[in-house]
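Visitor: I would like a close look at a single part of this model, taken slowly and with its surroundings included.

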Amino acid sequence: MQKLISRNEQETEHIAEALAKTLKGTEVIAMFGGLGAGKTAFTRGLAAGLGIGDGVSSPTFALVHEYEGRCMLYHFDMYRINTYDDLYSTGFFDYEGCGVMAIEWSENIEPFLPESRINVTISRLSENEREITIEGAEIK
């Protein structure tokens, strides 16, 4: 487990970019953290590390955004998903093993996530500072 401190959004993106450079392309990244914690900023960093340019935004209403880079990045928002049936109806399980899955609001679907995943917990320390805990992978 790694605990890193980010002092601003750009540092959050850099941490995620470093993580992305270690990925093979089939990982599930379960992100935990409250509203405004920095989950979308973290996903922007993942995208940069996978060779995906600008344009990463929260998929709140679409539920999933797809981005093509070194490997596919599937960016999910599970804020409104609470049951297995809800999750199943999104087609979520069809994406497993097809690219990197970055999942915001993973706490809402945690019982249905694969055991072999990378957990990223982002905790607000202050207005700009975040503690980012990464379990299941290590960045240098």
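Which residue in E5 does Val28 stand opposite?

Guide: In this predicted model, Val28 stands opposite Met101 in E5, and that position belongs to a parallel pairing in which strand E2 (residues 28-32) and E5 are joined over 3 bridges. E5 is also paired with strand E4 (residues 72-77), again in the parallel sense, and here 5 bridges join the two strands, with Leu73 having Val100 as its bridge partner in E5.

Now to the burial of the strand. Because 5 of the 5 residues of E5 are buried, the strand is largely enclosed by the rest of the structure. In a regular strand the side chains alternate between the two faces of the sheet. Both faces of E5 are covered, since Val100, Ala102 and Glu104 are buried on one side, while Met101 and Ile103 are buried on the other.

The chain then continues into the loop between strand E5 (100-104) and strand E6 (118-124), where Ser106 lies. Ser106 has a relative accessible area of 0% and is therefore buried. The side chain of Ser106 reaches back to the strand, lying 2.9 Å from the backbone oxygen of Ile103. Leaving aside residues up to four places away in sequence, Ser106 touches Ala30, Met31, Phe32 and Leu113; Ala30, Met31 and Phe32 fall within E2 (residues 28-32), the strand that also pairs with E5.

Key. Residues numbered from 1 in each chain as written. Predicted model: local features only at pLDDT ≥ 70, side-chain atom pairs only at ≥ 80, totals over all residues. Heavy atoms only, no water. Helix = DSSP H or I, 4+ residues; strand = E, 2+ residues; numbered from the N terminus. Buried < 20%, exposed > 50% of the residue type's maximum accessible area, 1.4 Å probe, protein only. Polar contact = N/O pair within 3.5 Å; in protein donor to acceptor, adjacent residues only side chain to side chain. Contact = heavy atoms within 4.5 Å. Pairing = 2+ DSSP bridges.
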